[in-house]
Amino acid sequence: MRKNIVAGNWKMHKTQKETVALLEEIIAKKPNTTTEIIVAPTFVNLSKAVEITNGKGITVAAQNMHQAEGGAFTGEIAASMLTDIGVTTVILGHSERRAYFHETDALLASKVDTALKHEMRIIFCFGEELKDRQINNHFNIVENQLRDGLFHLEKKDWTNIVLAYEPVWAIGTGETASPEQAQEMHKFIRTLVEKVYGFDIADNLTILYGGSVKPDNAKEIFSKPDVDGGLIGGAALKADDFLAIVNGF
């Protein structure tokens with residue numbers, strides 16, 4: 001059955017003290033909900049986050065990981081290091097990783113394989129930039145990112161895949177993506193997965209929207225039939241805003 005998820009990507013924010021304070025506030029104010037709540041603090045605070053959220057109905061995810069099992073990769077984090085501290089969900093392919101660190105679809109496919117080998121769940125991010133949307137090439141971009149990054153997988157692997165569509169053109173650009181545009185792309189994505197893997201996998205697949213979801217638009221966005229939640233950036237750094245988005249369901 002398709003799961004509703006609201007995931008907060010904290011990016012490079014929050015010291016350990018600030019992380020503890022935010023998590024404690026989220027735990028104290030968390031509504032009774034069937035929506036899965038995920039938080040993704042920075043690497044150095046993951047272990048503390050796992051400790052604080054244990055038994056509280058909140059999942060801790062990593063923001064990234066390396067494709068190798070280990071080795072001379074200064075500054076990188078292996079999948080085994082994450083699972084060893086109790087982190088079994090990882091965000092891969094975020095638009096900032098693609099743009100600033102030049103992560104390619106081929107590299108991400110390798111990361112996906114490594115994460116699955118370690119029985120991790122993957123929140124796989126993808127989406128088009130403004131120039132792609134302007135020339136009406138957005139569907140092709142999204143299809144290519146999914147084909148090159150994920151469509152080598154076997155059907156059984158998809159139980160550990162969550163998709164997160166990021167319309168990069170609508171994040172911090174002054175442009176706005178409407179709920180109808182979100183639904184249009186999510187429907188396209190689900191139909192594409194169905195063509196390759198069949199109805200059951202597509203129908204049970206959780207597809208998150210990562211295009212500046214806020215407390216005042218969450219309910220309308222989440223009401224769309226193919227939008228199953230959100231990957232939240234800035235609004236995830238304030239407990240009240242983040243939980244208001246959770247309540248969008």
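This report walks through a few helices and single residues of a predicted model.

## Helix α1 and its buried side

Let us start with helix α1, which covers residues 16-29. How far apart should the ends of this helix be? With 14 residues at 1.5 Å a residue, α1 should span 20 Å, and its end C-alpha atoms are indeed 20 Å apart, so the expected and computed values agree.

Now look for the side of the helix that is hidden from solvent. Five names are worth finding in the structure: Thr19, Val20, Leu22, Leu23 and Ile26 are the buried residues of α1. What do they pack against? Their partners are β2 (36-40), α2 (46-53), β3 (58-62) and α11 (239-246). Two of these partners are helices, α2 and α11, and each is described below.

## How α1 meets α2

Two packed helices are described by the angle between their axes and the distance between the axes. For α1 and α2, the angle is about 25° and the axes are 10 Å apart. Angles under 35 degrees count as roughly parallel, so α1 and α2 are roughly parallel to each other. Their crossing is right-handed.

On the α1 side, the contact is made by Gln16, Val20, Leu23 and Ile27, and on the α2 side by Lys48, Ala49, Ile52 and Thr53. Sorted by class, the residues of this contact are five nonpolar, two polar and one charged. Val20 and Leu23 may look familiar, since both belong to the buried residues of α1.

## How α1 meets α11

Helix α11 packs on α1 too, with an angle of about 40° and axes 9 Å apart. Are these helices parallel or oblique? With that angle, α1 and α11 are therefore oblique to each other. The handedness of their crossing is right-handed.

Here α1 contributes Leu22, Glu25, Ile26 and Lys29, which meet Ala239, Asp240, Phe242 and Leu243 of α11. This contact of α1 with α11 holds five nonpolar and three charged residues, with no polar ones. Leu22 and Ile26 are also on the list of buried α1 residues.

## Helices α7 and α8

Further along the chain, helix α7 (residues 138-150) packs with helix α8 (residues 179-197) at an angle of about 40°, and their axes are 11 Å apart. The two are therefore oblique to each other, and α7 passes α8 in a right-handed crossing.

Which residues meet here? From α7 come His138, Phe139, Val142, Glu143, Leu146, Arg147 and Leu150, and from α8 come Glu184, Met185, Phe188, Ile189, Leu192, Val196 and Tyr197. By class, this contact has 10 nonpolar, one polar and three charged residues.

Another residue to find in helix α7 is Gln145. Is Gln145 buried or exposed? Its relative accessibility is 10%, so Gln145 counts as buried. Beyond its neighbours within four places in sequence, Gln145 is in contact with Arg98, Asp105, Phe124, Phe126, Gly127 and Leu150.

## Two buried residues near the end of the tour

Leu231 sits in strand β8 (residues 229-232). Its relative accessible area is 6%, so Leu231 is buried. Leaving out residues up to four places away in sequence, Leu231 touches Ala7, Asn9, Ile91, His94, Cys125, Ala164, Leu208, Tyr209 and Gly210. You can also find Glu166, 65 residues away along the chain, with its C-alpha atom 8.5 Å from that of Leu231.

Ala236 is in the loop between β8 and α11. Its relative accessibility is 0%, so Ala236 counts as buried. Not counting neighbours within four places in sequence, Ala236 is in contact with Gly8, Asn9, Trp10, Leu22 and Phe242. Among those partners, Leu22 of α1 and Phe242 of α11 take part in the contact between these two helices. Ala236 and Thr42 are 194 residues apart in sequence, while their C-alpha atoms are 13 Å apart.

## Two positive phi angles

Glu119 is not a glycine, yet it has a positive phi of about 60°. Glu119 lies in the loop between α5 (105-117) and β5 (121-126). At 67% relative accessibility, Glu119 counts as exposed, because exposed means over 50%.

Ser212 also has a positive phi, near 60°, and is a residue other than glycine. Where is Ser212 found? Ser212 is in the loop between β7 (207-209) and α10 (218-222). Its relative accessible area is 27%, so Ser212 is partly exposed.

Notes
Residues numbered from 1 in each chain as written. Predicted model: local features only at pLDDT ≥ 70, side-chain atom pairs only at ≥ 80, totals over all residues. Heavy atoms only, no water. Helix = DSSP H or I, 4+ residues; strand = E, 2+ residues; numbered from the N terminus. Expected span 1.5 Å × (residues − 1). Buried < 20%, exposed > 50% of the residue type's maximum accessible area, 1.4 Å probe, protein only. Contact = heavy atoms within 4.5 Å. Axes fitted to C-alpha atoms, helices over the stretch in contact; angles between N-to-C directions. Parallel < 35°, antiparallel > 145°, perpendicular 65-115°, else oblique. Left-handed = near helix turned anticlockwise from the far one by under 90°. Nonpolar A, V, L, I, M, F, W, Y, C, P; charged D, E, K, R; others polar.
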